[in-house]
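Me: I would like to learn how to read a protein model. Please take me through it feature by feature.

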Amino acid sequence: MGRLFAIEIIYRGIYQKTLASRISRAIVLAAHQEGKPGISFGRYGDSPERNGIPAKNFAIVGTDQETLEQGMAKYEPKEVDITIAVDDTLFKGVESWAWYGLQPVNKLLKPGGTLIVTSRETPEALIKMAHRKETPYQLAIVKGTPSFSGLWVYKDDHTDVRILGAIAKLLPELFSLKSVQKAIVNEWKDPVKAESAARSCERISTTEVMPNQGNPEIPYKFEFPKWHEMGEGIAIPSIPAGRAVEDPVSHATGGFRPDRNPTFKKFTTRTMRPVVNFDTCIKCTLCWLQCPDSCFDVTPEGLYDANMQACCGCGVCEAVCPVKDCVTMVNESEFGDNASQWEDWKKDKAAYKIWLEDKIKTRSERSHGFRYRGQYEEQIPEMLRIAREG
Amino acid sequence: MAQLATVLEDQRQTDETALITGSEAIAVACKLADVDVITAYPIRPYDTVMQYVSKLVSNGELDCEYIVAEGEHSQFEIVKHACAAGARVFCGSSGVGWMYAMEALTVTPALRVPMVAMVGNRALDDPGAFGVEHNDALTVRDLGWQLVWVDTAQEALDTALIAYRVSEDRRIFLPCAISCDGAFLTHSQALVQIPSQKKVNEFLPRYNRADLLLHPDNPITVAPQGNEDWVMEIRRQNYAAMERVSDVLREAYDHFERIFGRSYGNPFFEEFETDDADIVLMGMGTLSTPVKVAIRKMRKEGKKVGFVRMRWFRPFAAAELAECLSRFSAVGVVDRDYSFGSPYMSGVLATEVRSALYSAPGKKPPVVGFIAGLGGREVTVPDVERITEGVYNAAQGRPQPLTQWIGLRE
Ligand code: SF4
Ligand code: SF4
């Protein structure tokens with residue numbers, strides 16, 4: 001038996017669907033340049049491909065056909081040589097859908113495997129976000145803003161070929177840079193893209209991540225029920241009504257927190273989250289009314305606290321809030337937990353104000369889609385700088 | 001007035017005899033079962049039941065929601081939802097009407113909706129024939145529908161009551177289609193014993209959807225989407241429910257006999273003149289009439305021929321049937337349906353009978369398949385005699401085509 005290579009590409013459903021399938025396709029084509037057969041596929045579904053929900057594509061390559069078939073006999077590889085995350089907020093984990101629980105981004109990596117990510121963050125910032133893994137692995141950062149290339153647009157910022165160039169360096173047994181370049185020229189007829197691949201291959205470096213590094217939390221998970229334990233008739237109990245909210249300081253209760261799906265927390269479906277300035281909120285109820293996911297808990301004093309179990313990061317609350325800077329979307333990588341902002345504000349309003357200002361100042365942007373017209377143009381100088389300097 | 005009241009009360013208490021068609025018998029069963037929601041869309045020959053039901057409704061004899069939908073798909077969807085919300089329901093169709101409802105028909109068993117439907121069996125289009133063929137109802141044979149074929153108006157009425165009782169049993173909760181041969185049963189009147197309401201009430205408990213009731217007091221979500229992590233378990237649950245049907249059916253037939261005093265013997269199939277038979281014929285529905293007549297004639301000529309009429313096709317009583325058939329030296333299965341490209345190109349029933357025999361422990365008589373009576377063509381006594389001849393040949397080990405067309409111009 002020859003050698004089997006497995007690579008997964010984790011992406012944000014719809015926004016990065018085309019990007020992910022292009023990468024996995026190009027991996028197979030580059031390997032094919034060296035006579036290695038391979039397949040590229042995605043786990044298709046319905047919700048898993050909806051806005052922002054983490055989804056996966058896979059490229060499986062064998063040194064020969066028989067070896068490849070060994071790998072293809074599985075629906076989804078159980079371990080991979082390389083994991084590619086095309087959005088760094090995916091480092092918080094992958095909840096592909098209900099009942100899967102939270103999968104660490106590095107879960108499928110073989111010991112010593114490589115996690116490639118497109119990001120502007122430092123290795124330290126990224127490692128902090130990912131869950132701890134029992135075995136060491138390598139982290140490789142392809143510098144750049146996370147690209148979005150989904151159903152409707154293709155932002156051709158060379159993320160695809162830069163990742164391919166990096167793979168040629170990190171896993172030379174799979175294919176060489178030359179094969180990557182040949183595949184690129186065949187597939188895209190674009191010598192500039194082949195240049196980008198070479199530059200990325202040259203620049204890529206890795207950081208070793210040890211088992212004691214990363215987020216120590218144990219990710220939540222579920223056991224699937226046996227057939228005779230399940231309710232019949234494809235009927236499931238509805239989510240119960242909610243209850244009053246307790247003030248963390250006075251312990252007074254009031255307001256309302258709806259109960260939420262216990263098996264799908266949406267911690268990882270968003271690339272941004274709203275931060276709320278409770279001091280300027282005029283209690284107009286618009287955010288609460290318009291949020292498509294019923295995220296807002298009503299506090300005893302009638303404020304609206306976006307619950308991070310439910311928020312998918314759509315930005316509607318920011319758009320409808322009539323008060324300037326009262327609700328601001330901030331990049332998800334800025335946050336280390338899913339705590340209630342309102343509780344933090346209640347406990348220490350001065351500290352909350354400093355925290356809030358810092359969040360808004362640093363990263364009020366999302367990694368795909370834009371908050372306002374012209375935001376893309378604003379990013380171009382930085383993208384060019386990264387391209388020149390690495 | 002007081003006297004009239006007594007007369008009416010007496011009527012409630014006692015059985016009566018009426019001259020009615022198979023369709024009317026089903027409508028009467030709906031009345032006796034006090035069905036809550038009935039949906040309809042006209043297509044022959046099913047539409048006869050629709051006419052009788054609307055008559056009962058407008059005469060004030062049946063108090064139900066009677067909805068004429070804009071097509072069969074909606075017709076079956078409406079009762080599916082009503083049944084999920086706790087209503088006892090009835091609907092039905094024929095031929096391509098049944099096919100048009102197909103999407104609703106496929107989801108009904110998975111949602112464990114105990115809908116009772118009547119199929120007025122009709123040839124599928126084209127060429128748009130009105131007469132009977134069994135392919136319409138048979139299309140759902142793999143999906144979790146209970147399927148039963150009746151051969152008289154009396155049996156239609158009785159079976160409808162039994163179907164409600166079994167389908168709505170919490171152990172089952174599966175839909176049931178009662179097949180009535182178009183024209184031969186749907187349009188011919190016969191004398192039928194109509195049981196008293198009192199007896200029916202004793203036999204048939206109210207439908208209780210229990211934990212699966214779609215109601216504000218029992219907040220549930222029905223039919224959320226699930227993928228490969230759930231599908232096998234859901235199918236396995238339906239498998240278990242279908243597996244339980246046989247026992248629940250037997251209970252129901254026993255109870256039926258105790259209350260109504262009418263016995264159907266073995267619920268799954270009827271045996272006619274089989275005690276000393278050398279060979280047997282098999283079939284479903286009203287085919288029994290010419291077959292029984294021919295058998296009486298042939299018996300006078302010394303031929304020991306019997307008949308096994310399959311009543312319940314789903315569940316299929318494989319072990320019992322195989323045991324029964326092991327007593328004979330050959331079996332001729334007459335299919336009023338076709339299954340092009342099936343093993344030996346036989347009809348559906350013949351294929352199932354062979355499959356039931358294959359893994360049975362006892363003797364396996366040769367099975368010859370016959371395709372006859374398609375599109376409502378008459379199956380005549382001489383046809384049955386020809387069939388019998390073929391079966392005798394098989395019994396004597398003479399090579400026989402495994403599928404033969406009978407009554408064809410050739
Ligand atoms: S971003 Fe705002 S509107 Fe969108 S889901 Fe989150 S809380 Fe709701
Ligand atoms: S929309 Fe803005 S002002 Fe209105 S309740 Fe929400 S946070 Fe307060």
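The dialogue below goes from whole chains to single residues.

Me: What should I know before starting?

Reply: This is a predicted model, in which local features need pLDDT of at least 70 and side-chain atom pairs count only at pLDDT 80 or more, while totals for chains, interfaces and linings use all residues. Residues are numbered from 1 along each chain as its sequence is written, chains are lettered from A and ligands numbered from 1 in the order in which they are written, and side-chain values use heavy atoms, with hydrogens and water left out.

Me: How many helices and strands are there in chain A?

Reply: Helices (H or I, at least four residues) and strands (E, at least two) are DSSP runs, numbered from the N terminus. Chain A has 11 helices and 14 strands. Chain B has 14 helices and 16 strands.

Me: What does the radius of gyration say about each chain?

Reply: The radius is taken over C-alpha atoms, and the globule rule is 2.2 Å times the number of residues to the power 0.38. For the 390 residues of chain A, a compact globule would have a radius near 21 Å, and the value of 22 Å agrees. Chain B has 410 residues and a radius of 21 Å, close to the 22 Å from the rule, so chain B is as compact as a globular protein of that length. Along the principal axes, the C-alpha atoms of chain A fill a box of roughly 70 × 60 × 40 Å, and those of chain B span about 65 × 65 × 40 Å.

Me: Which share of the residues is buried in each chain?

Reply: Buried means under 20% relative accessible area, exposed over 50%, and partly exposed in between (1.4 Å probe, protein chains only). In chain A, 51% of the residues are buried; in chain B, 58%.

Me: How do I read contacts?

Reply: A contact means heavy atoms within 4.5 Å. Among contacts with a separation of 6 or more, residues 24 or more positions apart account for 76% in chain A and 80% in chain B. For a single case, take Thr114(A) in strand β5 (residues 109-119) of chain A. Thr114(A) is buried, at 8% relative accessibility. Leaving out residues up to four places away in sequence, its contacts include Asp81(A), Gln138(A), Leu170(A) and Thr206(A).

Me: What joins strands β9 and β10 of chain A?

Reply: Two strands pair if DSSP finds at least two bridges between them. Here 3 bridges join β9 (residues 243-246) to β10 (residues 253-257), and the two strands run antiparallel. Arg243(A) stands opposite Arg257(A). The strands form a hairpin with 6 residues between them, and His251(A) in the turn has a positive phi of about 65°.

Me: Where else is there a positive phi in a residue other than glycine?

Reply: Two cases are in loops of chain B. Arg112(B), with phi of about 55°, lies between α6 (102-110) and β5. Arg112(B) is buried, at 1% relative accessible area. Ala183(B), with phi near 70°, lies between β7 (176-181) and β8 (189-194). Ala183(B) is partly exposed, at 41%.

Me: Which peptide bonds are cis?

Reply: One runs from Arg44(B) to Pro45(B), with omega near 0°. Pro45(B) sits in the loop between β2 (37-40) and α3 (47-58) of chain B. Another joins Asp125(B) and Asp126(B), with omega of about -20°. Asp126(B) is in the loop between β5 (116-121) and α7 (135-138).
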